[in-house]
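Subject: Structure handover and notes

Dear colleague,

I am passing on the structure we spoke about, together with my notes on it. Please read the notes with the structure open beside them.

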Amino acid sequence: MTGSSRESTDVDPVTLEVLRNGFESVAEEMSANLVRMSYSPNIKERKDCSSAVFDADGRMLAQAENIPVHLGAMPDSVRAVVDALDLGPGDTAIHNSPFSGGAHLPDITFVSPVYADGELVAYVANRAHHADVGGARAGSVSADSTSIFGEGVQIPPVKLFAGGDPVQGVFDLLLENVRTPDEREGDLRAQQAANETGRRRFAELVETHGRPTVEAVTDRVLDYSEARMREEVRDLEDGTDAFEDVLDGDGAGTEDVTIAATVTVDGDTVAVDFEGSATQVPGPVNAPLAVTTSATYYALRAVTDPSVPPNEGCYRPFSVTAPEGTVVNARKPAAVVGGNLETSQRVVDVVLGAMAEGGVRPIAAAANGSMNNVTLGSADAETPYTFYETIGGGYGARPERDGVDGVHAHMTNTRNTPVEALELSYPLRVERYELRPDTGGAGRRRGGLGIRRDVRVLDHDAEFSLLADRRTNRPYGLDGGEDGAPGDDRVVVGGVVQPIDGMTTLDLGDGDLVSVRTPGGGGFGPPEARPVDAIERDLREDRVTPEHVVEHYPQYECDSGE
């Protein structure tokens, strides 16, 4: 694309809006097709995937409403591919390296160029979480990882399709390094099919409206988002505020891993500095800078107008800095699989906490603060499998509403794995799936409840990993609201119930059971200000027990006479 063609083409407001929505529709259809064509329940059922559209310069034009941690980091992956490879018509590159724009190894990004009349006009990209990419343990999300080299196969930018044909040697290399090659190949081909959908749809936009018009619109769409976001930032009060929180630990002996942020609002810009965060740790909770940036962008968008189109332009007013070699900007060969999952959540808590310190409202109390990652798998079962899912928890209470019970929050936006789909696909049985009463932080508005999910291993030996947080340090309340309850997990091995840490790996046998019990959200406002009728409703609906009410809500006992 050339600047002169953009500048010389007039675009009326109707065409501008039609094409802006057209770019978004391309991304949405890509994700819909990826979900429909994928093999694994993690993508087909949980929708653990994302899609976006980029211009010929690699600038993000539009994204589907998918996974925040994918979408905020995907531009770095696309940039790495564009810088490394010369992609022609029909080519597709893949990439997952965390230290060159990726997030963690299970997230594989596909990047395909779009050509019209022999000229490059755009790129389309999607990212999907694969249920296994090799490494030391089934599922490739291991709580005991201490190096990137144990977490799976690392893929620098490389062509998987050339001129529309598969590069068989690359396919063979990838499939040789995973436990479930048939499922992986199915998901990889689904990702390619999604990008082909994107290529076709974007080319149709160019054919309908003309290349000069489409090129002119790209700049204007980005500039429009930038202008809208700068207006939003100007409405925030200038100042500098700091906040810090911790991860429980890294699974390798380090406890209370500090995440610190200083947020400076100055006119129409926001600068976030993570100086003071812990140095990178041996365990797998280190985050590449792309992940930290993604989580920061999400948090800042959460306190601004959500109708601002999410593209490269809307992020121009934001800057993110983090000292290299810290848990929020780790150096290779740090283990990073949990940085994308858990540290990203704490970055959100810290940035939102700093904004709350600065008086920005409305901000919810802390959500459960963990993706509560569970992996089970076996390469030796009658049918080898790898199962991965994240489990929801409580959302933080808001100034005028209770927190939502049992949901995925912030950097994850997946669904659960339906019990029926799980049991049809894997030698596992779900025996309990319910909300945890008393786990929402008490307050004028109650925090959302955590979840209990019990899964039993059937007729085989399995590797199990739990990579989770907020088992010691609770999700914070705001404005006098109390903290949410921590997670509290169990396994039943050989008929004996054992508590386990949030970072645990175990070998399980036939009949053993995993009970994952996730945190609740923080409360908002003083508990003594909670209306009595709201307490009575919680009691009727078994969201709280009488004992919890007596301990946290003295006005109920007084007003009810009980």
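How many bridges join strand 8 to strand 9, and do they run parallel or antiparallel? Strand 8 and strand 9 (residues 255-266) are joined by ten bridges and run antiparallel, and within that pairing Gly249 stands opposite Glu255 in strand 9. Please keep in mind throughout that this is a predicted model.

To begin with the chain as a whole, it contains 13 helices and 20 strands. Its radius of gyration is 24 Å, close to the 24 Å that the globule rule gives for 562 residues, so the chain is as compact as a globular protein of that length. The C-alpha trace spans about 80 × 60 × 40 Å along the principal axes of the chain.

The sheet that holds strand 8 and strand 9

Strand 8 and strand 9 belong to an open sheet of four strands, in the order 8-9-10-11, whose pairing is mixed. Strand 8 (239-249) and strand 11 (318-321) stand at the edges with a single partner strand each, so one side of each has no neighbour in the sheet. On average, and with direction ignored, neighbouring strands of this sheet are turned by 15 degrees against each other.

Two helices are associated with these strands. Helix 7 (residues 211-234) lies across strand 9, strand 10 (269-273) and strand 11, and runs at about 75 degrees to strand 10. Helix 8 also packs on the sheet, where it touches strand 10 and strand 11, and its direction makes about 140 degrees with that of strand 11.

Helix 8 (residues 289-302) in turn packs with helix 4 (residues 68-84) at an angle of about 125 degrees, the two axes being 8 Å apart. Helix 4 and helix 8 are therefore oblique to each other, and their crossing is right-handed. On the side of helix 4 the contact involves Pro68, Val69, Gly72, Ala73 and Asp76, which meet Ala290, Val291, Ser294 and Tyr298 of helix 8. By class, the residues of this contact divide into six nonpolar, two polar and one charged.

The sheet of seven strands

A further open sheet is formed by seven strands in the order 2-1-5-4-3-6-7, with antiparallel pairing. Strand 2 (60-63) and strand 7 (165-166) are its edge strands, and each of them pairs on one side only. Strand 7 pairs with strand 6 (residues 158-162) in the antiparallel sense over two bridges, and Ala162 stands opposite Asp165 in strand 7.

Helix 2 packs on this sheet and touches strand 1 (49-55), strand 2 and strand 5 (119-129), with its direction making about 145 degrees with that of strand 1. Helix 6 (residues 181-209) packs on the sheet as well, touching strand 1, strand 2, strand 3 (92-95), strand 4 (107-116), strand 5, strand 6 and strand 7, and its direction makes about 30 degrees with that of strand 4.

Helix 2 (residues 13-37) also packs with helix 7, at an angle of about 80 degrees and with their axes 10 Å apart, which makes helix 2 roughly perpendicular to helix 7. In this contact Thr15, Leu16, Leu19, Arg20 and Phe23 of helix 2 meet Thr213, Val214, Val217, Thr218, Arg220 and Val221 of helix 7. The contact of helix 2 with helix 7 has six nonpolar, three polar and two charged residues.

Strand 17 and its partners

Strand 17 (residues 489-493) runs antiparallel to strand 18 (residues 496-500), to which five bridges join it, and Asp489 has Ile500 in strand 18 as its bridge partner. The hairpin of strand 17 and strand 18 has two residues between the strands, and Gly494 in this hairpin takes a positive phi near 60 degrees. Three bridges also join strand 17 to strand 20 (residues 513-517), again antiparallel, with Leu513 in strand 20 as the bridge partner of Val492.

Backbone details to check

Most residues other than glycine have a negative phi, and most peptide bonds are trans. Against that background, Lys332 and Pro333 are joined by a cis peptide bond, with omega about 15 degrees, and Pro333 is found in the loop between strand 11 and helix 9 (339-357). Asn372, although not a glycine, has a positive phi of about 50 degrees, and Asn372 is found in the loop between helix 9 and strand 12 (373-378).

With best regards

Terms used
Residues are numbered from 1 along each chain as its sequence is written. This is a predicted model: local features need pLDDT of at least 70, side-chain atom pairs count only at pLDDT 80 or more; totals for chains, interfaces and linings use all residues. Side-chain values use heavy atoms; hydrogens and water are left out. Axes are lines fitted to C-alpha atoms, for helices over the stretch in contact, and angles run from 0 to 180 degrees between N-to-C directions. Angles under 35 degrees count as roughly parallel, over 145 as roughly antiparallel, 65 to 115 as roughly perpendicular and the rest as oblique. A crossing is left-handed if the near helix is turned anticlockwise from the far one by less than a right angle, and right-handed if clockwise. Contact means heavy atoms within 4.5 Å. Ala, Val, Leu, Ile, Met, Phe, Trp, Tyr, Cys and Pro count as nonpolar, Asp, Glu, Lys and Arg as charged, and the others, Gly among them, as polar. Two strands pair if DSSP finds at least two bridges between them. The radius of gyration is taken over C-alpha atoms; the globule rule is 2.2 Å times the number of residues to the power 0.38.
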